[in-house]
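Student: I should like to work through this structure step by step. Could we take it as a series of short questions?

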Amino acid sequence: MTGKSIEFDNTDAEGRLVLADGLYYASTEFKLHTVIDVATLTGDMEVALCDIYTGVFTTSNAHALWDRLSYDHFWRMPLDEDYSTQIYSSNAALCNTSGKPAGSCTTALFLNVFVDSIEAKDEQEHSVRWAHLGIAATMVFTHSTPYQEKGMTGRPVR
């Protein structure tokens, strides 16, 4: 949708391509001020945070994007351009995957590119607040707790 070329390096990472189109369409068509996507794009979140915390990648410094969600635990993950060489160093404008190192970080950077008007202006907060919630591990509990039975959780969208 954006006209950017994407090197399709891994056929198992097709979900981020569909989500990228959805993010671009929604942010350009509806001129949103806040965009929150929730997806199970990488198993790296389970390695990093187990099924306790949902990883949050965001361009916003305001916690208001996720503070209102009840009971769920969130952990802010790095969304740093230093990881971008892994997705920008291909023959195309972007590569859909970067391999194992920092896979969840590079996935979030990949998605970030497709949110329209996300660039900050004059050292100020971004014009569109965006967050990617990585729920690969928190979508299902492997054990019961007083709050959550074993099985699918509905986190963080309940």
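Tutor: The questions below concern a predicted model and deal with its sheet, a helix pair, two backbone angles and its cysteines.

Student: In what order do the four strands of the open sheet lie?

Tutor: The pairing within this open sheet is mixed. Its edge strands, each paired on one side only, are β2 (34-39) and β4 (73-76). Read across the sheet, the order is β2-β6-β3-β4.

Student: Which residue of β4 is the bridge partner of V56?

Tutor: Strand β3 covers residues 53-58 and runs parallel to β4, with four bridges joining the two. For V56, the bridge partner in β4 is R76.

Student: At about what angle to β6 does helix α5 run?

Tutor: Helix α5 comprises residues 103-112 and lies across β2, β3 and β6. Strand β6 itself spans 129-134. The angle between α5 and β6 is about 145 degrees.

Student: How far apart are the axes of α1 and α5?

Tutor: Two packed helices are described by the angle between their axes and the distance between the axes. For α1 and α5 the angle is about 35 degrees, and the crossing is right-handed. Their axes are separated by 9 Å.

Student: Which residues of α5 make the contact with α1?

Tutor: On the α1 side, the contact is made by R16, L17, L19, A20 and L23. By class, the contact has six nonpolar, one polar and one charged residues. The residues contributed by α5 are T107, F110 and L111.

Student: Is K31 buried or exposed?

Tutor: K31 is found in the loop between α1 and β2, and its phi is near 50 degrees, a positive value. Most residues other than glycine have a negative phi. The relative accessible area of K31 is 60%, and the cut-off for the upper class is over 50%. K31 is therefore exposed.

Student: What is the phi of A102 near?

Tutor: A102 lies in the loop between β5 (94-95) and α5. At 25% relative accessibility, A102 counts as partly exposed. Its phi is positive although the residue is not glycine, with a value near 55 degrees.

Student: How many disulfides does the structure hold?

Tutor: A disulfide is a covalent bond between the sulfur atoms of two cysteines. C95 is buried, with a relative accessible area of 5%, and C105 counts as buried at 5% relative accessibility. The number of disulfides in the structure is zero.

Technical notes. Residues are numbered from 1 along each chain as its sequence is written. This is a predicted model: local features need pLDDT of at least 70, side-chain atom pairs count only at pLDDT 80 or more; totals for chains, interfaces and linings use all residues. Side-chain values use heavy atoms; hydrogens and water are left out. Two strands pair if DSSP finds at least two bridges between them. Contact means heavy atoms within 4.5 Å. Axes are lines fitted to C-alpha atoms, for helices over the stretch in contact, and angles run from 0 to 180 degrees between N-to-C directions. Buried means under 20% relative accessible area, exposed over 50%, partly exposed in between (1.4 Å probe, protein chains only). A disulfide is a pair of cysteine sulfur atoms within 2.5 Å. A crossing is left-handed if the near helix is turned anticlockwise from the far one by less than a right angle, and right-handed if clockwise. Ala, Val, Leu, Ile, Met, Phe, Trp, Tyr, Cys and Pro count as nonpolar, Asp, Glu, Lys and Arg as charged, and the others, Gly among them, as polar.
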